[in-house]
Amino acid sequence: MFPVSQDSGSPLELAAGGPSISRRVLLGGLLTAYTASLIPWAVAQSAPDADRGNFLALSALIAGRQSLDNDLAMRYYDALVAADPQFPATVTALLTLINQQQIDPLHLQTMLDEQHPELAEIPRKIATAWFLGMVAAEEGVKVLAYENALNAEIVSDVLKPPSYCIGGYGSWANKPT
């Protein structure tokens, strides 16, 4: 363990000439490590390129999950890029803004609506893809996931997606007990 100085001035020196750390540096390092452990994209999956990595990081932040289905993420990304070729650039711009201003995810959409309307649709598109499994396209809406969409996964311990019959044929007609 390194000696720590009691003041924020010059660090204590070891008699043998070893390294020393000021209290401010030590506390700053611990605070940084703790904060990084709370950020979802700090543990995001690897991606084949920077644009897809930015999408995964922003998706983790918006969905509030540290881990997302990588194959599904790539399908969403491809569909979102097909619908809007500028999507990768706006995702990168939004992620840069979030990192620079340390925006709280709970206040992200309100802040974007008020201060950055050009980026305000991005979280909505990403949330719709992840939670509903749908992406808007020129020819209508593409459904990319149903039972794997987050709205079904979140409640899967209790509920099944509506199209799946829990009982046999006609069981829906019987009065509940």
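Q: Why is Asp78 called partly exposed?
A: Happy to start there. Asp78 has a relative accessible area of 40%. Buried means under 20% and exposed means over 50%, with partly exposed in between, so Asp78 counts as partly exposed at 40%. Do keep in mind that this is a predicted model.

Q: What makes Asp78 and Arg52 a salt bridge?
A: Their side chains meet at 2.8 Å, N to O. The rule asks for a side-chain nitrogen of Lys or Arg within 4 Å of a carboxyl oxygen of Asp or Glu, so the pair qualifies at 2.8 Å. Asp78 lies in helix α3 and Arg52 in helix α2, so the pair ties together parts that are 26 residues apart in sequence.

Q: Why does Arg52 count as buried?
A: Arg52 comes to 17% relative accessibility. The cut-off for buried is under 20%, so Arg52 counts as buried. 

Q: What makes Asp84 and Lys125 a salt bridge, and where do the two residues lie?
A: The distance between their side chains is 3.6 Å, N to O. The limit is within 4 Å, so this pair also counts as a salt bridge. Asp84 is in the loop between α3 and α4, while Lys125 is in helix α6, so the pair links distant parts of the chain, 41 residues apart. Lys125 itself has a relative accessible area of 31%, so it counts as partly exposed.

Q: How do you know that Arg124 and Glu121 meet in a salt bridge, and where are they?
A: Their side chains come to 3.2 Å, N to O, and the limit is within 4 Å. Both residues lie in helix α6, three residues apart, about one turn of the helix. Arg124 is partly exposed at 33%, and Glu121 counts as partly exposed at 44%. Elsewhere, Asp49, Arg52 and Asp78 are joined into one network by salt bridges that share partners. By this rule, the count comes to five salt bridges.

Q: How do you know that Ala145 is buried?
A: Ala145 has a relative accessible area of 8%. Buried means under 20%, so Ala145 is buried. Ala145 sits in the loop between β2 (140–143) and α7.

Q: Which residues are in contact with Ala145, leaving aside neighbours within four places in sequence?
A: Ala145 is in contact with Leu72, Tyr76, Leu132 and Gly133. Take Leu72: the two are 73 residues apart in sequence, and 7.9 Å apart in space, C-alpha to C-alpha. A contact is judged by heavy atoms within 4.5 Å, so the C-alpha distance of 7.9 Å does not rule it out.

Q: What span is expected for helix α4, and what span does it reach?
A: Helix α4 (residues 87–101) has 15 residues. The expected span is 1.5 Å times one less than the number of residues. For α4 that is 21 Å, and the helix reaches 21 Å from its first C-alpha to its last. Next along the chain comes Gln102, with a positive phi near 50 degrees. Helix α3 can be put to the same test: with 14 residues, it reaches 20 Å, close to the 20 Å expected.

Q: Which residues of α4 are buried, and what do they pack against?
A: The buried residues are Phe87, Pro88, Thr90, Val91, Leu94, Leu95, Leu97 and Ile98. They pack against α2 (50–63), α3 (70–83), α5 (108–115) and α6 (121–132). In α3, the buried residues include Leu72, Tyr76 and Leu80, and the buried residues of that helix pack against α2, α4, α6 and β1 (134–137).

Q: What makes a set of residues a nonpolar core, and how many residues has the largest one?
A: The residues must be buried, nonpolar by the list used, and joined through side-chain atoms within 4.5 Å. The largest such core has 35 residues, and those with the most contacts inside it are Phe55, Leu58, Leu94 and Trp130. Two or more residues each come from α2, α3, α4, α5 and α6. In soluble globular proteins, nonpolar side chains tend to be buried together. Trp130 touches residues including Phe55, Leu72, Tyr76 and Leu150.

Q: Which residues make the nonpolar surface patch of about 360 Å²?
A: Ile154, Val155, Val158 and Leu159 make this patch. Leu159 is placed in the segment after α7 (150–154).

Notes
Residues are numbered from 1 along each chain as its sequence is written. This is a predicted model: local features need pLDDT of at least 70, side-chain atom pairs count only at pLDDT 80 or more; totals for chains, interfaces and linings use all residues. Side-chain values use heavy atoms; hydrogens and water are left out. Helices (H or I, at least four residues) and strands (E, at least two) are DSSP runs, numbered from the N terminus. Buried means under 20% relative accessible area, exposed over 50%, partly exposed in between (1.4 Å probe, protein chains only). Patches are made of residues with over 30% relative accessible area and no salt bridge: like charges are joined within 9 Å, nonpolar side chains (Val, Leu, Ile, Met, Phe, Trp, Tyr) within 5 Å. Accessible areas come from the Shrake-Rupley method with a 1.4 Å probe; for residues, only the protein chains shown count as cover.
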